[in-house]
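The following note sets out some points for a first reading of a protein model. Please keep the sequence and the structure in view while working through them.

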Amino acid sequence: LDILTILPSWVIGPMMQSTVNLSSKMLLDYFKGDFVTVENRLRNLVDVRDVADALLLMYENLRRLEDTSAAHTLTTTE
């Protein structure tokens, strides 16, 4: 029995619901200036569509996907 795992990091992208989720709220608060200070560190982001593609690949091809966690890496100042 193979165990396949996809563990995405901070998932961003279009939302299906009409309310703001935690990931989107954190970004919105940052852009609105609601954070007085933000620690300058790496943030690993992955688009929700990339996660969906990885899940489809996993199920369709029954392959072990080793890493789909960070499509983009940004520092806070970027």
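1. The side chains of Asp29 and Lys25 form a salt bridge, with a distance of 2.7 Å from N to O. Please note that the model is predicted, and that each value in this note should be read accordingly.

2. Where do Asp29 and Lys25 lie with respect to each other? Both belong to helix α1, which covers residues 22-32. Because the two positions are four residues apart in this helix, about one helical turn separates them.

3. The two partners should also be examined for accessibility. Asp29 has a relative accessibility of 13% and therefore counts as buried, since the cut-off for buried is under 20%. Lys25, in contrast, is partly exposed, with a relative accessible area of 40%. This salt bridge thus joins a buried residue to a partly exposed one.

4. How many salt bridges does the structure hold? There are two. Besides the pair in helix α1, the side chains of Arg49 and Asp47 meet in a salt bridge, again at 2.7 Å from N to O.

5. Is Asp47 buried or exposed? Its relative accessible area is 15%, so Asp47 is buried. Arg49 has a relative accessible area of 48% and is partly exposed; a residue must be over 50% to be called exposed. Here too, the Asp is buried and its basic partner is partly exposed.

6. Asp47 falls within strand β2, which spans residues 42-47 and also contains Val46. Val46 is buried, with a relative accessible area of 1%. Although Val46 and Ile12 are 34 residues apart along the chain, their C-alpha atoms are separated by 6.2 Å. The student may wish to locate this pair in the displayed structure.

7. The elements discussed above belong to a wider arrangement. The protein has two helices and three strands, and their order along the sequence is β-α-β-α-β. Strands and helices therefore alternate along the chain, with a strand at each end of the pattern.

8. Contacts should be considered for the whole chain as well. Of the contacts between residues at least 6 apart in sequence, 78% join residues at least 24 apart.

9. Finally, the surface may be described. The protein has 78 residues, of which 14% are buried; Val46 is one of the buried residues. The accessible surface comes to about 6400 Å². Carbon and sulfur atoms account for 57% of that surface.

Methods. Residues are numbered from 1 along each chain as its sequence is written. This is a predicted model: local features need pLDDT of at least 70, side-chain atom pairs count only at pLDDT 80 or more; totals for chains, interfaces and linings use all residues. Side-chain values use heavy atoms; hydrogens and water are left out. Buried means under 20% relative accessible area, exposed over 50%, partly exposed in between (1.4 Å probe, protein chains only). Contact means heavy atoms within 4.5 Å. Accessible areas come from the Shrake-Rupley method with a 1.4 Å probe; for residues, only the protein chains shown count as cover. A salt bridge is a side-chain nitrogen of Lys or Arg within 4 Å of a carboxyl oxygen of Asp or Glu.
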